[in-house]
There are 2 protein chains.
Amino acid sequence: MTETFGIGELAREFGVTARTIRFYEDLGLLTPLREGQKRVYRGRDRVRLKLILRGKRLGFSLAETREMIELYDAPAGEVGQLRLFRDKIAAKRAELDGKRRDIEAALADLDRAEERCRARLGELEDRPATGAGAEAPGLGG
Amino acid sequence: MTETFGIGELAREFGVTARTIRFYEDLGLLTPLREGQKRVYRGRDRVRLKLILRGKRLGFSLAETREMIELYDAPAGEVGQLRLFRDKIAAKRAELDGKRRDIEAALADLDRAEERCRARLGELEDRPATGAGAEAPGLGG
DNA sequence: CAAAGCCTTTACGTTTACGTAAACGCGAGA
DNA sequence: TCTCGCGTTTACGTAAACGTAAAGGCTTTG
């Protein structure tokens with residue numbers, strides 16, 4: 001437990017540069033400890049970095065991702081705060097649901113494209129003369 | 001059929017500026033007709049714009065989105081081309097699947113956060129004294 | 001006929017998210 | 001002692017995706 005990491009270590013693990021990790025710190029997204037001058041990251045920071053990169057993959061800006069991370073580690077404040085919080089969570093979820101629908105649609109489009117592609121390939125492999133130029137017909141797997 | 005649109009019309013419909021639409025044209029993503037100097041967009045461009053914006057919501061760069069759109073309207077070339085094409089489609093699908101998994105994970109995280117939030121709210125509404133400051137206890141719906 | 005709207009092109013500005021280089025510290029090892 | 005290797009700060013550079021003016025054209029409505 002209480003495992004720690006160097007900046008290069010994290011950079012290698014997640015396929016980013018140290019510059020990137022320092023940049024996230026500048027934005028307040030990561031808060032490593034220090035051993036002398038050197039940054040020391042703990043599991044918490046590693047998790048956060050993972051969340052940041054996930055947010056990026058989903059097209060969120062770093063600001064948006066920060067908001068989302070803040071939603072993850074809830075504050076346990078007073079009732080008003082908690083309600084606001086719950087509403088924010090609901091909003092983000094709606095956004096994520098939208099993205100999911102977008103993904104389904106994109107996947108469906110790709111499926112159609114692939115189907116057309118596959119059908120056309122079937123035609124060409126059956127009778128290589130039809131349509132375009134010929135190739136090695138049916139020898140491969 | 002053959003309905004056409006002005007640039008402002010499309011801009012309003014999709015919540016972007018005309019500048020944005022012209023920018024996409026600069027990148028070769030849209031290819032409107034012209035009536036004199038004015039751009040005239042047809043259904044095809046409207047669909048493309050929709051696809052571009054979907055790509056953006058999913059965190060794809062405009063370059064990536066262009067590639068994806070090119071996959072949608074298949075070329076029907078020769079066998080080699082088609083196979084390359086099919087592979088590209090598979091790759092994009094893998095990427096989209098990854099994003100979907102990211103979304104599921106993010107939604108799961110949000111669910112956990114919401115559950116904690118809800119539980120805490122339940123506590124506070126049952127016995128408002130526990131933990132933090134009080135509010136109007138149980139009058140609302 | 002003048003102002004209001006919608007469109008045009010050209011061009012510089014801005015934000016986000018880093019890249020890249022310079023110059024330095026510091027411990028390990030040949 | 002020198003030089004890797006890893007880390008540091010400071011600072012300017014950059015690509016992507018537009019924003020935002022400036023200056024003008026066409027048309028239609030009062």
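The surface near DNA strand D draws its largest share, four residues, from α2(B). Elements here are DSSP runs, helices being H or I with at least four residues and strands E with at least two, numbered from the N terminus. The model is predicted: local features need pLDDT of at least 70, side-chain atom pairs count only at pLDDT 80 or more, and totals for chains, interfaces and linings use all residues. Residues are numbered from 1 along each chain as its sequence is written, chains are lettered from A and ligands numbered from 1 in the order in which they are written, and side-chain values use heavy atoms, with hydrogens and water left out.

Stay with DNA strand D. Both protein chains reach this strand. At least two residues each come from α1 (7–14), α2 (18–26) and β3 (38–42) of chain A, and from α2 (18–26) of chain B. In total, 16 residues surround the strand. A residue counts as near if one of its heavy atoms lies within 4 Å of the molecule or strand. The closest are A:Arg39, B:Thr17, B:Tyr24, B:Lys56 and B:Leu62. Of the atoms of DNA strand D that come within 4 Å of the protein, sugar and phosphate account for 73%.

Individual contacts fill in the picture. A polar contact is a pair of N or O atoms within 3.5 Å; within protein, one must be able to donate a hydrogen and the other to accept it, and residues adjacent in sequence count only if both atoms are side-chain atoms. A:Gly8 places a backbone N or O atom 3.2 Å from a phosphate oxygen of DNA strand D. A:Arg34 does so with a polar side-chain atom, at 3.2 Å from a phosphate oxygen of DNA strand D. B:Arg19 addresses a base instead: a polar side-chain atom lies 3.1 Å from a base oxygen of DNA strand D. By class, this surface holds four nonpolar, five polar and seven charged residues. Ala, Val, Leu, Ile, Met, Phe, Trp, Tyr, Cys and Pro count as nonpolar, Asp, Glu, Lys and Arg as charged, and the others, Gly among them, as polar.

Now turn to DNA strand C. There are 16 residues around this strand, and A:Thr17, A:Tyr24, A:Lys56, A:Leu62 and B:Arg39 come nearest. Sugar and phosphate make up 69% of the atoms of DNA strand C within 4 Å of the protein. A:Leu62 has a backbone N or O atom 2.8 Å from a phosphate oxygen of DNA strand C. Polar side-chain atoms also reach phosphate oxygens of this strand, from A:Thr20 at 3.2 Å and from B:Arg22 at 3.0 Å. Two or more residues each come from α2 of chain A and from α1 (7–14), α2 and β3 (38–42) of chain B. α2(A) gives the most, with four residues. The classes here are four nonpolar, five polar and seven charged.

The two protein chains also meet each other. 46 residues of chain B are in contact (heavy atoms within 4.5 Å) with 45 residues of chain A. The area buried between them is about 4500 Å², with 64% from carbon and sulfur atoms. Buried area is the accessible area (1.4 Å probe) that two parts lose on being put together, summed over both. B:Arg93, B:Ile103 and B:Leu110 supply 13% of the area that chain B buries against chain A, more than any other three residues.

Charge runs across this interface. Ten salt bridges join chain B and chain A. A salt bridge needs a side-chain nitrogen of Lys or Arg within 4 Å of a carboxyl oxygen of Asp or Glu. One of them pairs A:Glu114 with B:Arg93, the closest N and O atoms being 2.6 Å apart. There are also 14 residue pairs in polar contact, both at pLDDT 80 or more. On the chain B side, α3 (43–57), α4 (62–72) and α5 (79–126) each give two or more residues. α5(B) gives the most, with 31 residues. That side divides into 22 nonpolar, three polar and 21 charged residues.

How are the two copies related? A rotation of 180° with 0.0 Å of shift along its axis superposes chain B on chain A (RMSD 0.0 Å). That is the relation of a two-fold axis. The fit is by least squares on C-alpha atoms of residues with pLDDT of at least 70 in both copies. The same surface serves both copies, as 98% of the contact residues of chain B recur in chain A. B:Gly59 comes closest to the axis among the residues of chain B, at 1.7 Å (C-alpha).

Finally, look within chain A. The side chains of A:Arg48 and A:Asp73 form a salt bridge (3.7 Å, N to O). A:Arg48 lies in helix α3 and A:Asp73 in the loop between α4 and α5 of chain A, so the pair ties together parts 25 residues apart in sequence.
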